[in-house]
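Thanks for passing this one along. Here are my notes, written to be read beside the model.

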Amino acid sequence: MQGYIGKRIGMSILSLFMLVTVAFFLTRMMPGSPFQNGNVSEDILRSMEREYGLDKPVTEQYQTYLKNLLHGNLGVSFKKPEVTVTEVIARTWPITASLGGLAILTAAFFGTVFGIWQASSKRLIVKGGIFLGTMLGTGIPNFVVGLLLMLFFGVRLKLFPIAGLTSPQSYILPVISLAVYPSAVIARLVQNTFRVEMERDYVTMARAKGIGFRQTALTHILKNAWIPVLNYIGPAAAFLLTGSFVVESIFTIPGLGREFVNSIGNRDYTMILGLTVFMGITVIVINLFTDLLSAWLDPRIRRSLR
Amino acid sequence: MKALYRGNFLLMMGTILLAVLILLAVLVPAFSSYSYQAQDVNIQNSSSSFLHIFGTDKFGRDIFVRVWYGTRISLLVGIGSALICGALGILYGSIAGYAGGKADIILMRLADVIDSIPSLLYVILIMLVLGSNVGSILLGICISGWIELSRVVRGEVMRLKNQEFCIAARMAGATPGRILRRHLLPNGLGPVIINVTFLVPKAIFTEAFLSFVGVGISAPAASLGTLIQESRSQMLVYPTQMLYPVLVLCTLILSMNLIGAGLERKAGL
């Protein structure tokens, strides 16, 4: 187990390093200088580049960037020199994280409920209905869900606010738009494993001992059926981050995703690089934790690693 | 028996839907009297009529033609990337699986490292470097799109390579390339095809997302994502302009998912 943890952490560090390197050099390869502005003269352009250290060779810039990164310093925005990238992240990350966290909790709950329902129901209409629902849920991009929800509930029915995050109600539509896709995937995962597990001997045994279906399902089967879900949650975190790009810009929520989309529009390279690195790190760390958690929870994996 | 029928039903539905979409995407832009980029100030934002089945947008462009032109691009991105990722994944996975040992460990660890980075971030950076066109979208998607498939292929090859028919072929003097091509891959084709099928909707999703964010296909060309993005500015006044590309996009993804699920059910029997 310790060997596995060490290996897994080493891999994550390697991934982080690769992410930073590739992201850095890709950003340097982007066309145009961030200060090119039509009425900026050649001299000023050069002195500005000197101030930001852009006149030095790329490898030296890269070393400086790595050193700063280790100190948690992601540089300053090219477009708004008074803000550092770290400040922007500190301001916007809690908002995005709260949305994403709520969405993944919602998805885990509804996905599990519908998955169990589909697997255990004997009525064709329930099975078919949920199957169709998961099909549609994985077939509709989240920005479409967001736009449609906004159009229908926000604009037509005026039930929920359509912009900002000022009240608890304004969380509802963005969270739903983010949760639809992962709910459908989780429902499908739970349904698949649940159907297999229900045929197992230990379920028959539990039922024969007189334990009710509900208790068997919740305490016995769910424990096994949840392992694949746990493995999905890591990548789902990545999906939620990227999903929040569009959902945040649709509902004008001042989060990380909207900041990223804006910085793409502004060609604010340090901001793009900094946010990419930050999001990459988040995803890699979450993946690391879910992997270790599932290795710790599942005796089969734990034993095979030893 | 019933399960088999149901599996076929999904497959059938998906195939029919996809065939209809492909036909429309190929035929409509080719034979329509309107072009996807011709603007006409006299008919801005007109609603559905006999001449313009889906109406026109704010520049007076025919939405019907634009939607099917966009479907063409989405299909191109989806199928193109599935083919490239499919080829890469099969090659990589079969080399790793057949070689085994140290080579296998190194290759698969490398794949793990590439896979652990959220690919969308890369795709966005690549789009910014190489410009907004179909080529750079394909490149971006294919950087990490092949990895899941290569794991499947590797698993299949490892499972099959020590079975009798394969040992016999090796003893008869067949080269590794021939064994992979003629003996291993045809046997492991089922799971591989299912995985390739699911690559298509994933790529279409990514492309629509990119175009929606504003780094995808650039004007005047249009994918379904671009169309949705463009109609967003006036969605309160003309909601139907958004509805048509949305419907087609969802049907497209749904049809591919149906085909994948149908194949999966059939293979599971």
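The points below go from chain A to the interface, then to the salt bridges, and end with chain B.

1. Please keep in mind throughout that this is a predicted model. Everything I quote below was computed from that prediction.

2. Let's begin with the layout of chain A. The domain assignment splits chain A into domain 1, covering 2-70, and domain 2, covering 92-267. Between the C-alpha centres of these two domains of chain A the distance is 36 Å.

3. Next comes the interface. Chain A brings 46 residues to the contact and chain B brings 39 residues. Together the two chains bury about 3,800 Å², and 83% of that area comes from carbon and sulfur atoms. On the chain A side, M135(A), F143(A) and L147(A) are worth a look, since this trio supplies 15% of the area that chain A buries against chain B, more than any other three residues.

4. Which helices of chain A each supply at least two residues of the side that touches chain B? They are helix 1 (2-29), helix 5 (124-139), helix 6 (142-156), helix 9 (213-250), helix 10 (256-266) and helix 11 (269-297). By residue type, that side of chain A divides into 35 nonpolar, nine polar and two charged residues.

5. How many salt bridges are there between chain A and chain B? The count is zero. The search for residue pairs in polar contact across this interface, with both residues at pLDDT 80 or more, also gives zero. I would read these two counts alongside the 83% share of carbon and sulfur atoms in the buried area.

6. Over all chains, the structure holds nine salt bridges. In chain A, D291(A) pairs with R8(A), with 2.8 Å between the closest N and O atoms. This pair links distant parts of the chain, as D291(A) sits in helix 11 of chain A and R8(A) in helix 1 of chain A, 283 residues apart. D291(A) is partly exposed at 25% relative accessible area, while R8(A) counts as buried at 16%.

7. In chain B, a salt bridge joins D104(B) to R154(B), the closest N and O atoms lying 2.6 Å apart. Here too the partners come from distant parts of the chain: D104(B) belongs to helix 3 (residues 101-115) of chain B and R154(B) to helix 6 (residues 147-160) of chain B, 50 residues apart. D104(B) is buried, with a relative accessible area of 6%, whereas R154(B) is partly exposed at 23%.

8. Helix 6 of chain B also contains both partners of another salt bridge, E156(B) and R159(B), three residues apart, or about one turn of the helix. Their closest N and O atoms are 2.8 Å apart. E156(B) counts as buried at 15% relative accessibility, and R159(B) is partly exposed at 47%. Elsewhere in chain B, salt bridges with shared partners connect R109(B), D112(B) and R151(B) into one network.

9. Finally, the overall make-up of chain B. Chain B has eleven helices and zero strands. Of its 269 residues, 52% count as buried. Among contacts in chain B with a separation of 6 or more, 71% are between residues 24 or more positions apart.

Technical notes: Residues are numbered from 1 along each chain as its sequence is written. Chains are lettered from A and ligands numbered from 1 in the order in which they are written. This is a predicted model: local features need pLDDT of at least 70, side-chain atom pairs count only at pLDDT 80 or more; totals for chains, interfaces and linings use all residues. Side-chain values use heavy atoms; hydrogens and water are left out. Domain bounds come from an automatic or database domain assignment. Contact means heavy atoms within 4.5 Å. Buried area is the accessible area (1.4 Å probe) that two parts lose on being put together, summed over both. A salt bridge is a side-chain nitrogen of Lys or Arg within 4 Å of a carboxyl oxygen of Asp or Glu. A polar contact is a pair of N or O atoms within 3.5 Å; within protein, one must be able to donate a hydrogen and the other to accept it, and residues adjacent in sequence count only if both atoms are side-chain atoms. Helices (H or I, at least four residues) and strands (E, at least two) are DSSP runs, numbered from the N terminus. Ala, Val, Leu, Ile, Met, Phe, Trp, Tyr, Cys and Pro count as nonpolar, Asp, Glu, Lys and Arg as charged, and the others, Gly among them, as polar. Buried means under 20% relative accessible area, exposed over 50%, partly exposed in between (1.4 Å probe, protein chains only).
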